[in-house]
Amino acid sequence: MFCGIDWASERHTVCVLDDAGTTISTFQVAHSADGLEQLVTRLCRLGDPDELPVAIERPDGRLVDRLLEAGHPVVPVQANAIKAWRDAEVLSGAKSDPADAAVIAEYLRLRRHRLRILQPFSPQTRALRAVVRTRGDLVDQRVAATNQLSACLEAFWPGAKAVFADVCSPIALDFLARSPTPESAERLGETRMRAFLTKHGYSGRRPATQLLHRLRAAPAGLVGTPEVEARRDAVLALVGVLRALNHAIKQLDRSVAAHLGEHPDAEIFTSLPRSGQISAAQVLAEWGDCRPAYDHPDAVAALSGIVPVTKASGKHRTVSFRWACNKRFRAAITGWADNSRHASPWAAKVYADAVARGCDHPHAVRILARAWVRVIWRCWVDHTPYDPAKHGAARKLTKMPASAA
């Protein structure tokens, strides 16, 4: 038998088919503790959980956890694939939750030989992924709030934006909290500016005179209009948001470091050139620790979106950017790969060769990331940290003697 579940935030629709495609059962359960227990109980009545795979359009969540705990093989399916399958089968365009669940079950029944059963990550990886992804979301929110603050300052007081290099840095936020309008900074002189920098532990290399010059050289800000008061309130509100985000991200940095230190594979990813704790945690959280999930490094490369997609038909052949992938994984692996070329001569050469062939920077970084994936995959499979002395290509480039190990 084959089960398809149309997931929803409040109620899940379930359809079970037999091997001939006949509907055995169709029902709905609530997204609650009792509802999930009812789902597991009703599926158990139909047969052994090991022999009743369940297809669902998401790879995680409490519903998936409960099915795995009950012993059901869970098969994640792509929502786009189900939509295309439904559109091809249902020409009228009719759509309902029971029909969607039946389509998912039918998709599993007919294509089970092409689908991969979900391989759950360990608790350590799931914990690391939770804090890493939350941190990433907060960083995105900080970027958005910073852009809002920059646009607000540019509209009525460009000088305040030009004083410090980063408008979301703690000292820049403290400056804006103290002087949110041009009028509040009219009496700001070199002495007061120097005292402000000393009080806030300014570590930049720009003297107070130069910072004041940046403030005064910019276009004059608005004064004496009702808009100034409104802009002041907007600036103070955004400063409060950015301060809270900076504090939250700093706290999550500590949590990421702690969970990374508890992960069995941490030594592998922290041994990579220029990895650092945050970068290593980002790559490890998306890569995972389930060895059966990847039978070849190309599977990792495809998941992370660093390899192109080839479309060939007759005399027509195109190679294009891979859009369908784990985008968090792509950002993590390419960001680290770009940094690695500043510490690894081999990585620098791979990147330089790609640029020499005419690749632009993002393309060259993806080529370097793909080369690194092959290296990391071997270290990961062998449970061995990266060692340049054992990396043949790197050793030949630097003429490094082979490791005794």
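Which helices each supply at least two residues of the lining of the largest cavity? They are helix H6 (158–162) and helix H7 (170–178). Welcome to a short tour of this predicted model, which takes in its cavity, its largest pocket, its nonpolar cores, one buried valine and the strands near the start of the chain.

**The cavity**

- Searching the whole structure turns up 1 cavity of 30 Å³ or more, and the space in the largest cavity comes to about 40 Å³.
- Its lining is made up of Ala160, Lys161, Phe164, Asp166, Val167, Ala172, Phe175 and Leu176.
- H7 provides the largest share of that lining, with 3 residues.
- Sorted by class, the cavity lining holds 6 nonpolar and 2 charged residues, with no polar ones.

**The largest pocket**

- The largest pocket has a volume of about 1800 Å³, and 39 residues line it.
- Nearest the centre of this pocket lie Pro59, Pro76, Gln78, Leu118 and Leu303.
- Four helices give two or more residues to the pocket lining: H2 (62–70), H3 (79–89), H5 (123–156) and H13 (297–303).
- If you look at the chemistry of the pocket lining, you will find 21 nonpolar, 5 polar and 13 charged residues.

**Nonpolar cores**

- As a general background, nonpolar side chains tend to be buried together in soluble globular proteins.
- The largest nonpolar core here has 47 residues, and the members that touch the most others are Phe269, Trp287, Ile333 and Trp372.
- Elements supplying at least two residues each to this core are H5, H10, H11 (266–270), H12 (276–287), H13, H14 (327–340), H15 (345–356) and H16 (361–382).
- Among these contributors, H16 gives the most to the core, namely 12 residues.
- Take a look at Ile333: leaving aside residues up to four places away in sequence, Ile333 touches Val283, Ser304, Ile306, Ala369, Val373 and Ile376.
- There is also a second, separate core of 33 residues, which includes Cys152, Leu153, Ala160 and Phe164; Ala160 and Phe164 also appear in the lining of the largest cavity.

**Val256, a buried residue in H10**

- Val256 sits in helix H10 (residues 226–261).
- Is Val256 buried or exposed? Val256 counts as buried because its relative accessibility is 1%, below the 20% cut-off for that class.
- Beyond residues up to four places away in sequence, Val256 is in contact with Leu128, Val131, Val132, Arg135, Ile278 and Ala281.
- One of these partners, Arg135, is 121 residues from Val256 along the chain, yet their C-alpha atoms are separated by 8.6 Å.

**Strands S1, S2 and S3**

- Strand S2 (residues 11–17) is mostly covered, with 6 of its 7 residues buried.
- On one side of the pairing story, strand S1 (residues 2–6) joins S2 in the antiparallel sense over 5 bridges, and Cys3 stands opposite Val16 in S2.
- S1 and S2 make a hairpin that has 4 residues between the strands.
- S2 also pairs with strand S3 (residues 23–30), again in the antiparallel sense, over 7 bridges; here the bridge partner of Val14 is Phe27 in S3.
- A hairpin is formed by S2 and S3 as well, with 5 residues between them, and Gly21 in its turn has a positive phi of about 90°.

Terms used:
Residues are numbered from 1 along each chain as its sequence is written. This is a predicted model: local features need pLDDT of at least 70, side-chain atom pairs count only at pLDDT 80 or more; totals for chains, interfaces and linings use all residues. Side-chain values use heavy atoms; hydrogens and water are left out. On a 1 Å grid over the protein atoms alone, a cavity is a set of points where a 1.4 Å probe fits but cannot get out, and a pocket is an open set with protein on both sides within 12 Å along at least five of seven lines; lining residues have an atom within 4 Å of a point. Grid points are joined across faces, edges and corners, and a volume is the space filled by probe spheres set on the points. Ala, Val, Leu, Ile, Met, Phe, Trp, Tyr, Cys and Pro count as nonpolar, Asp, Glu, Lys and Arg as charged, and the others, Gly among them, as polar. Buried means under 20% relative accessible area, exposed over 50%, partly exposed in between (1.4 Å probe, protein chains only). Contact means heavy atoms within 4.5 Å. Two strands pair if DSSP finds at least two bridges between them. A nonpolar core is a set of buried Ala, Val, Leu, Ile, Met, Phe, Trp, Tyr and Cys residues joined through side-chain atoms within 4.5 Å.
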